[in-house]
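Grab a coffee and open the viewer next to the sequence. Each exercise below sets a small task, and the solution walks through it step by step.

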Amino acid sequence: MARPAIVVALPPIEADPVSAELLDAGFEVITVEQPAEMVAALATRRDVAVAVLDGEADEDLAGEYWAALVNAGRPVPALTVVSPGSYQRLAEMDDDGSGNEYFTRPYSADSIRWRLEAMCIRRDTVDDGSGPVLQAGPQDHDAWNRRAAVIVVFNPKGGVGKTTVAVNLASALQARKGKSVLLIDADTVTGHVTTSFALEAVRSVADSWRDEAEGGPSETFTAIASEHGSGLRVVALTDSPLNTEVLDPRRVAAAISAARRSFDVIVVDLHPSYSTLNQAIFDEADRILVPVTPDVPAIRAAVQMRDVAGALGCRERLAMVVNRANSGVSVADVERTVGMSAFAQIRSGGMFFVRAANEGRTVIEMFPREKITADFDTLADHVLGVPAKPDLARSGFRLPTRARAAARA
Ligand SMILES: Nc1ncnc2c1ncn2[C@@H]1O[C@H](COP(=O)(O)OP(=O)(O)OP(=O)(O)O)[C@@H](O)[C@H]1O
Ligand SMILES: [Mg+2]
């Protein structure tokens with residue numbers, strides 16, 4: 001299927017490598033050197049998916065480009081390339097759900113290509129036989145404005161509860177908080193979320209992308225995902241550690257970014273390694289939950305993670321979850337040693353996890369009244385940014401006298 005067109009209105013020194021990269025990726029590229037050319041392109045081509053603009057162009061010129069987009073008679077989002085200094089100001093002004101995005105200089109042609117891939121996936125396209133055309137008719141503004149938070153669960157140490165936290169957090173968000181949730185099993189080595197949910201023979205992302213390379217349709221994560229009985233949607237990157245070469249890390253990150261439009265929350269479970277795939281996913285994360293069990297090896301791994309995250313630029317997005325919090329070293333000691341405060345605590349769930357796993361269900365669904373589920377409820381609230389219920393006793397709150405008497409009675 002022909003790919004959509006992208007209008008590139010960048011200075012020639014950037015337009016040339018960017019256009020070459022986009023052409024290589026199969027896009028149609030229309031380079032324009034003045035606003036009138038963009039007006040003409042938008043008037044004659046129905047398949048323009050995105051316009052790439054220069055955010056540092058002089059104000060009059062930038063204004064004319066914007067006017068061309070606004071007057072196109074249909075929504076055509078812009079990817080505006082800016083200096084880091086301009087980014088904060090512009091991105092805040094424009095955070096209106098219009099689909100416009102920003103990209104900071106310096107950048108590589110390859111990295112802007114993947115951002116554009118993500119923006120294109122987010123556009124609804126139809127093919128009426130004459131090539132891809134942007135979906136006509138009224139926009140689904142609710143879906144358009146939706147932007148799922150991406151919650152990644154990671155610790156470089158194995159067996160600390162990453163998958164347990166990812167699965168049960170996703171389930172709590174879906175079943176108890178009424179959110180629409182996509183759970184991504186991005187553990188390409190030992191991932192087993194779909195099989196443990198008894199979702200047999202489901203297609204993985206690697207299956208889909210291999211089919212696509214052989215002429216099959218291009219599918220989003222939303223399309224590939226299967227529905228678990230709880231309503232949760234689940235997608236695995238691969239079902240075999242030997243079938244991962246098709247999983248280009250930047251394409252995976254772009255596809256996660258594109259899926260933000262279809263869900264309230266995306267939870268991603270990772271393999272314990274600092275692979276390029278994991279690093280690309282860290283870049284996409286709004287929050288990286290680090291489960292830590294209260295024992296020395298897990299604490300050491302968390303300290304290392306904190307330092308590595310500093311080098312990778314995602315330190316401030318880390319949030320420590322103390323798992324099996326009621327065993328071993330005290331939470332206060334874990335906090336002191338790791339140098340992070342606990343974002344949430346999960347107690348040891350013992351046989352509840354085993355029994356849920358045997359049924360292909362989550363602890364949240366099977367044991368809604370147990371304390372372990374309450375722990376995941378609290379974690380889900382923190383993830384959603386819901387303030388904790390005030391501790392009435394500690395805040396000095398007292399029931400009015402009559403209510404106290406009634407409570408005593
Ligand atoms: N809070 C808990 N209470 C009881 N058992 C737990 C708890 N958290 C994790 N487990 C158990 O510990 C084992 C390892 O957990 P899990 O698979 O979630 O770890 P992981 O970090 O994802 O491991 P890997 O690095 O191999 O992917 C599982 O058997 C799980 O059921
Ligand atoms: Mg795991």
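**Exercise 1.** Find what Val363 touches, leaving out residues up to four places away in sequence.

*Solution.* Start by locating the residue: Val363 lies in helix α16, residues 363-366. In this predicted model, its contacts are Asn168, Gly349, Phe352, Phe353, Ala356, Ile372 and Thr373. Now pick Phe353 from that list. Val363 and Phe353 are 10 residues apart along the chain, and their C-alpha atoms are separated by 6.1 Å. Last step, burial: the cut-off is 20 or more other C-beta atoms within 10 Å. Val363 has 24 such neighbours, so it counts as buried.

**Exercise 2.** Do the same for Phe221: which residues does it touch, again not counting those up to four places away in sequence?

*Solution.* Phe221 sits in helix α10, which covers residues 221-224. Its contacts are Leu182, Ile184, Val205, Val235, Ala255 and Ala259. Take Ala255 as a check on distance: 34 residues separate it from Phe221 in sequence, yet the C-alpha atoms are 6.7 Å apart in space. Count the C-beta neighbours inside 10 Å and you get 22, so Phe221 is buried.

**Exercise 3.** Work out whether the length of helix α7 agrees with 1.5 Å a residue, then say how covered the helix is.

*Solution.* Helix α7 runs over residues 162-175, which is 14 residues. The expected span is 1.5 Å times one less than the number of residues, and for α7 that comes to 20 Å. The end C-alpha atoms are 20 Å apart, so the two values agree. As for cover, 14 of its 14 residues are buried, so α7 is largely enclosed by the rest of the structure.

**Exercise 4.** Describe the shell around ligand 1: how many residues surround it, and which are the closest?

*Solution.* Count first: 17 residues surround ligand 1. The closest are Gly158, Gly161, Lys162, Thr163 and Thr164. Next, ask which element gives the most to this shell; that is α7, with 3 residues. Finally, sort the shell by character: 4 residues are nonpolar, 10 are polar and 3 are charged.

**Exercise 5.** Trace the strand order of the open sheet with 8 strands, and find its edges.

*Solution.* Read across the sheet: β10-β11-β9-β12-β8-β13-β14-β15, with mixed pairing. The edge strands are β10 (226-227) and β15 (342-346); each has a single partner strand, so one side of each is left without a neighbour in the sheet. Now zoom in on β8, residues 149-153, where 4 of the 5 residues are buried. On one side, β8 pairs in the parallel sense with β12 (residues 265-270) over 5 bridges, and Ala149 has Val265 as its bridge partner there. β8 also runs parallel to β13 (residues 287-292), joined by 3 bridges, with Val152 opposite Ile288.

**Exercise 6.** Follow the chain from β3 to β4 and give the handedness of the crossover.

*Solution.* Begin with the pairing: β3 (residues 48-54) and β4 are parallel, with 4 bridges between them. Ala51 stands opposite Ala78 in β4. Between these strands the chain passes through helix α3 (residues 59-70), and this β-α-β crossover is right-handed. Then look at β4 itself: of the 5 residues in 78-82, 4 are buried. β4 also pairs in the parallel sense with β5 (residues 101-104), again over 4 bridges, and Val82 has Thr104 as its bridge partner.

**Exercise 7.** Locate the backbone oddities at Pro106 and Arg324, and say where each residue is found.

*Solution.* Keep the usual case in mind: most residues other than glycine have a negative phi, and most peptide bonds are trans. The bond from Arg105 to Pro106 is cis, with omega near -5°. Pro106 is found in the loop between β5 and α5 (109-122). For Arg324, phi is near 55°, a positive value in a residue other than glycine. Arg324 is in the loop between β14 (318-323) and α14 (331-338). It is also buried, with 21 other C-beta atoms within 10 Å.

Notes: Residues numbered from 1 in each chain as written. Chains lettered and ligands numbered in written order. Predicted model: local features only at pLDDT ≥ 70, side-chain atom pairs only at ≥ 80, totals over all residues. Helix = DSSP H or I, 4+ residues; strand = E, 2+ residues; numbered from the N terminus. Buried ≥ 20, exposed ≤ 12 C-beta atoms within 10 Å, placed from the backbone. Pairing = 2+ DSSP bridges. Right-handed = clockwise from strand over helix to strand, strands pointing away. Near = placed C-beta within 6 Å. Nonpolar A, V, L, I, M, F, W, Y, C, P; charged D, E, K, R; others polar. Contact = placed C-beta atoms within 7 Å.
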